[in-house]
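Student: Got a minute to go through this one with me? I'd like to talk about the helices and the empty space.

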Amino acid sequence: MTDLTDTQLAELTEARSQGVTTLRPTVPALEALLFEPIPVLDHGFIRVVDYMGDDSAVVQAARVSYGRGTKAVSEDRGLIRYLMRHWHSTPFEMCEIKLHVKLPIFVARQWIRHRTANVNEYSARYSVMDREFYIPEPQHLAVQSSDNKQGRGDVLDQDTAQVVRQILMRDAHQNYSDYEFMIGPEEKCGAGLARELARMNLTLNTYTQWYWKVDLHNFLNFLRLRADAHAQYEIRAYAEIMMQILRAWAPITAEAFCDYRLGSFTLSAQMLKVLRRRMDGLPVDQASSGLSKREWQELWETLA
Ligand SMILES: Cc1cc2nc3c(=O)[nH]c(=O)nc-3n(C[C@H](O)[C@H](O)[C@H](O)COP(=O)(O)OP(=O)(O)OC[C@H]3O[C@@H](n4cnc5c(N)ncnc54)[C@H](O)[C@@H]3O)c2cc1C
């Protein structure tokens with residue numbers, strides 16, 4: 001559900017009906033997604049608004065070639081995998097994507113930390129915010145994790161989850177009603193307060209929107225951190241949709257990214273030493289390994 005108005009839906013239909021011919025490389029799988037809002041969470045979405053380049057643009061830049069190239073797809077795949085493996089990242093900066101994202105403010109605060117993108121956010125100084133809030137489904141309401149200060153543990157029991165959902169809904173709606181009163185004109189018994197001030201009373205689960213443009217290299221950086229299992233569920237929900245977009249846009253890059261970044265684990269020099277000793281059948285324990293207890297645990301959990 002994306003909660004678009006009839007006017008917004010008509011604009012989307014019109015945008016999708018206007019085809020043009022171009023000499024520029026296009027990606028049919030991404031063209032099929034273009035402009036369409038893909039739902040995320042309860043009221044959010046991601047829309048691909050525009051893009052430039054594809055897998056072949058990465059290869060073209062790496063080879064500094066004149067055309068789209070005549071090499072076999074297998075050679076292009078080998079090159080992209082080599083670039084990814086060796087962190088030769090600048091060819092990936094040749095591709096760009098522009099997204100329109102609707103997201104809760106607390107997710108936007110995490111997202112905005114990725115500084116290597118261009119952002120233009122809906123202005124709550126100029127416009128009135130919508131009465132739309134993220135209310136987590138019960139299965140996403142969990143207790144504080146006991147071993148990770150930045151995470152959640154077991155899911156709340158059903159009754160407690162319902163109480164929490166009701167509190168979230170009540171407070172969000174109450175604060176929004178107060179916001180409406182504060183920005184309301186005096187002749188309609190409002191306070192006539194400026195929007196730029198009244199917005200401070202909105203809850204952090206209120207939805208905001210922005211246009212977000214980034215190159216493929218930094219798009220992958222975002223996904224490496226936010227599509228990871230340690231990322232907060234709510235931003236990960238967006239990252240998972242962006243993974244689908246990546247697979248449509250640059251499938252060879254997506255495959256290399258999953259193999260060498262997302263599904264990978266970096267071994268430190270001490271970890272390599274531990275593994276070499278084990279392979280030679282020599283004894284090694286945490287205390288003598290030079291690894292902290294946490295690193296030791298992470299190593300064996302990864303290899304298990
Ligand atoms: C699980 C998790 C927990 C986190 N917890 C916290 C937290 O508790 N508190 C908190 O404040 N943040 C936290 N963050 C945010 C984190 O510290 C980063 O700010 C965020 O992930 C963006 O990463 P980035 O800086 O690599 O991305 P970008 O800003 O996109 O930067 C990409 C790369 O560009 C370079 N770069 C960009 N700007 C500069 C600059 N001005 N100077 C030098 N180099 C630059 C850096 O090499 C950087 O790695 C957390 C992130 C994650 C994923």
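**Helix 6, pockets and cavities**

Tutor: Start with helix 6: its buried residues pack against helix 7 (195-198). Keep in mind that this is a predicted model.

Student: Which residues of helix 6 are buried?

Tutor: Ala161, Arg165, Ala172, Asn175, Tyr176, Tyr179, Met182 and Ile183.

Student: Why do residues three or four places apart point the same way?

Tutor: An α-helix has 3.6 residues a turn, so residues at that spacing share a direction.

Student: What span should helix 6 have, and what does the model give?

Tutor: Helix 6 runs over residues 158-183, which is 26 residues. At 1.5 Å a residue, the expected span is 38 Å. The end C-alpha atoms are 37 Å apart, so the two agree.

Student: What sits at the start of helix 6?

Tutor: Asp157 does. One of its side-chain oxygens comes within 3.2 Å of the backbone nitrogen of Asp159.

Student: Zooming out, how many helices and strands are in the chain?

Tutor: The chain has 13 helices and 7 strands. Its C-alpha trace spans about 80 × 60 × 30 Å along the principal axes.

Student: What share of the chain is buried?

Tutor: Of the 304 residues, 38% are buried. As for contacts with a separation of 6 or more, 69% join residues 24 or more positions apart.

Student: Pockets next. What volume does the largest pocket have?

Tutor: About 1,300 Å³. The lining has 37 residues, and Asp228, Ala229, His230, Ala231 and Gln232 are the closest to the centre.

Student: Which elements supply at least two residues of that lining?

Tutor: For the largest pocket, they are helix 5 (105-111), strand 5 (142-144), helix 8 (216-226), helix 9 (233-249), helix 10 (251-262) and helix 13 (293-303).

Student: How does the lining of the largest pocket split by class?

Tutor: The split is 15 nonpolar, 12 polar and 10 charged residues.

Student: And what is the volume of the second largest pocket?

Tutor: About 500 Å³. The second largest pocket has 20 lining residues; closest to its centre are Val20, Thr26, Glu31, Leu34 and Tyr51.

Student: Which element gives the most to that lining?

Tutor: Strand 2, with 4 residues. Helix 1 (6-17) and helix 3 (55-63) also supply at least two residues each to the second largest pocket. By class, its lining has 10 nonpolar, 6 polar and 4 charged residues.

Student: Switching to enclosed space, how many cavities of 30 Å³ or more are there?

Tutor: The count is 2. The largest cavity holds about 80 Å³.

Student: What lines the largest cavity?

Tutor: Leu83, Met84, Trp87, His88, Ser89, Phe92, His217, Leu220, Asn221, Arg224, Phe257 and Arg261. Helix 4 (73-85), helix 8 and helix 10 each give two or more residues to this lining. Helix 8 gives the most, with 4. By class, that makes 6 nonpolar, 4 polar and 2 charged residues.

Student: And what volume does the second largest cavity have?

Tutor: About 60 Å³. Lys102, Tyr122, Val128, Met129, Asp130, Glu132, Tyr207, Thr208 and Gln209 line the second largest cavity.

Student: Which element contributes the most there?

Tutor: Strand 7 (residues 207-215), with 3 residues. The class split for the second largest cavity is 4 nonpolar, 2 polar and 3 charged.

Conventions:
Residues numbered from 1 in each chain as written. Predicted model: local features only at pLDDT ≥ 70, side-chain atom pairs only at ≥ 80, totals over all residues. Heavy atoms only, no water. 1 Å grid on protein atoms, 1.4 Å probe; cavity = no way out; pocket = protein on both sides within 12 Å on 5 of 7 lines; lining within 4 Å. Points joined across faces, edges and corners; volume = space filled by probe spheres on them. Nonpolar A, V, L, I, M, F, W, Y, C, P; charged D, E, K, R; others polar. Expected span 1.5 Å × (residues − 1). Buried < 20%, exposed > 50% of the residue type's maximum accessible area, 1.4 Å probe, protein only. Contact = heavy atoms within 4.5 Å. Polar contact = N/O pair within 3.5 Å; in protein donor to acceptor, adjacent residues only side chain to side chain.
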